[in-house]
Amino acid sequence: MDRAWVRPPARLVAGSGLTPRLLVAGQVPRALDLIRQHVIDFPRDAFALAPACGVFGAIGFSGRIGREAELLAFLEPLVSHYGDDWWFATVHAFALIETGRWDRGRQLAERALEQRPSTPHGAHTLVHALFEAGADDEAVDFLDGWLAGSDRASVLHCHIWWHYALVLMAVSRHDDAWQAFRNNCLPGATTSPPITVFSDSTSFMWRSALAGRPRDLDVWQQVREFYEARFPQPMVFVDAHVGLLYAALGETEQLQACVAQLQELGDAAQLPAGTTGANLTRAYAAFENDDWATAIDVLEPLIPQVVRIGGSRAQRDLMTNTLLAAYVKADRPDDARAFLERVTDRQPSRPVAGLVAA
């Protein structure tokens with residue numbers, strides 16, 4: 001179906017474009033209000049709708065705990081307007097997956113890929129559905145074929161290869177996972193956005209250590225140099241990963257300074273996620289110091305709050321797996337099992353050393 005592009009009304013594009021200027025200026029709530037107003041009258045204006053969608057969109061980075069359900073509720077009334085449109089199918093599918101309805105999300109992602117087999121958004125969405133279902137082998141098989149013809153210049157290049165590295169790790173192909181990661185995710189290996197390169201790099205390397213692989217401190221240092229050159233100020237989602245960097249490198253002073261800065265900004269309501277980033281950094285510092293009790297005490301009440309940082313369920317499993325690793329290292333297997341039993345709507349693999357034995 002051909003999408004019916006429309007010219008936005010004056011209230012949305014005042015001057016050179018009011019909503020884009022608000023987004024760039026950091027006035028995300030006001031921009032989101034304008035988008036909501038606009039799609040009432042112009043529901044098929046995908047250019048206006050897109051900035052509100054996804055886990056890195058205006059709703060995804062709102063810092064609200066209920067943002068996943070909020071995004072789905074925002075999109076559902078638009079379904080009838082888009083029909084079988086492949087782009088909207090990927091957006092709608094992702095919102096369904098993030099609220100636990102990954103079977104329906106998979107159907108929509110597969111439909112989008114039938115129409116546009118090469119679309120990175122469709123491939124990315126399908127991989128999330130497979131991840132949530134714990135279908136690691138199926139995800140590997142799909143990506144083995146799809147990535148062979150993928151475009152390295154795609155904005156999602158790094159991130160889809162990150163997913164591939166994670167599922168390779170999940171099926172215990174650690175050397176292949178590292179090769180995929182090194183060649184496609186590290187600074188200098190991809191032209192993807194810096195936020196993706198940094199968060200995916202730190203996340204993969206931390207998870208690899210949780211799975212029992214030794215750290216490559218030279219690579220961590222490479223990512224540190226990239227971070228310090230690209231992110232002079234705190235930034236949503238990046239805040240939730242910077243602690244991993246300094247913890248892995250044993251930079252105690254940098255860790256303490258990071259906690260202090262994020263705490264101050266969070267207390268001043270200058271970060272959408274409040275003090276979540278500060279607390280995550282405290283947990284990573286404790287974990288790296290083998291202070292399992294403190295890491296657990298910080299992470300346990302924080303897990304329901306981490307949705308505030310943005311990102312997907314798959315990305316936030318970094319925090320979940322760190323808590324599970326702390327349980328294992330603290331010889332608390334019953335707590336690890338009880339925690340997993342509470343996650344009743346999810347089936348992803350947990351490559352955490354010692355977890356099976358627990």
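Which element gives the largest share of the lining of the largest cavity? The answer is α11, with 4 residues. The model examined here is predicted. A search of the whole structure finds 5 cavities of 30 Å³ or more. The largest cavity has a volume of about 90 Å³. Its lining is made up of F131, D136, L166, V167, M169, A170, R207, D317, N321, S349 and P351. Two elements, α11 (157-170) and α19, give two or more residues to this lining. By class, the lining of the largest cavity holds 6 nonpolar, 2 polar and 3 charged residues. In general, empty space is revealed by rolling a probe the size of a water molecule over the atoms.

Two residues of this lining were followed further. F131 belongs to helix α9, which covers residues 120-132. The relative accessibility of F131 is 9%, so F131 counts as buried, because buried means under 20%. Beyond residues up to four places away in sequence, F131 touches A314, D317, R346 and P348. D317 is itself among the residues that line the largest cavity. F131 was also compared in position with W220. The two are 89 residues apart in sequence. From C-alpha to C-alpha, F131 and W220 are 26 Å apart in space.

N321 sits in helix α19, which covers residues 313-329. N321 has a relative accessible area of 4% and is therefore buried. Its contacts, again leaving out residues up to four places away in sequence, are R207, L210, R350, P351 and V352. R207 and P351 also appear in the lining of the largest cavity.

The open spaces were examined next. The largest pocket holds about 680 Å³ of space. Two or more residues of its lining come from each of α7 (86-98), α9 and α13 (194-210). In total, 24 residues line the largest pocket. Those that lie nearest its centre are G54, V55, F56, H121 and L156. The lining of the largest pocket divides into 11 nonpolar, 12 polar and 1 charged.

Two helices show how buried and exposed residues are arranged. An α-helix has 3.6 residues a turn, so residues three or four places apart point the same way. Helix α10 covers residues 136-146. Its buried residues are D136, A139, V140, L143 and W146. Seen down the axis of α10, these residues fall within an arc of 140°, so they line one face of the helix. On the other side of α10, D137 and D141 are exposed. The cover over the buried residues of α10 includes α8 (102-115), α9 and α11. D136 of this helix also lines the largest cavity.

Helix α8 was checked for length. Its 14 residues should span 20 Å at 1.5 Å a residue, and its end C-alpha atoms are 20 Å apart, which agrees. The buried residues of α8 are W102, G105, L108, A109, A112 and L113. Down the axis of α8, they fall within an arc of 140°, so they too line one face of the helix. The face turned away from this buried side carries D103 and E114, which are exposed. The buried residues of α8 are covered by elements that include α7, α9 and α10. Helix α8 is in turn part of what covers the buried residues of α10.

Two loop residues stand out by their backbone angles. S172 lies in the loop between α11 and α12 (174-184). S172 is not a glycine, although its phi is positive, at about 65°. The relative accessible area of S172 is 58%, so S172 is exposed, because exposed means over 50%. A269 is found in the loop between α16 (252-267) and α17 (276-288). A269 has a positive phi of about 60° and is not a glycine either. With a relative accessible area of 66%, A269 is exposed.

Key. Residues are numbered from 1 along each chain as its sequence is written. This is a predicted model: local features need pLDDT of at least 70, side-chain atom pairs count only at pLDDT 80 or more; totals for chains, interfaces and linings use all residues. Side-chain values use heavy atoms; hydrogens and water are left out. Buried means under 20% relative accessible area, exposed over 50%, partly exposed in between (1.4 Å probe, protein chains only). Contact means heavy atoms within 4.5 Å. On a 1 Å grid over the protein atoms alone, a cavity is a set of points where a 1.4 Å probe fits but cannot get out, and a pocket is an open set with protein on both sides within 12 Å along at least five of seven lines; lining residues have an atom within 4 Å of a point. Grid points are joined across faces, edges and corners, and a volume is the space filled by probe spheres set on the points. Ala, Val, Leu, Ile, Met, Phe, Trp, Tyr, Cys and Pro count as nonpolar, Asp, Glu, Lys and Arg as charged, and the others, Gly among them, as polar. The arc is that of the directions from the helix axis to the C-beta atoms. The expected span of a helix is 1.5 Å times one less than its number of residues.
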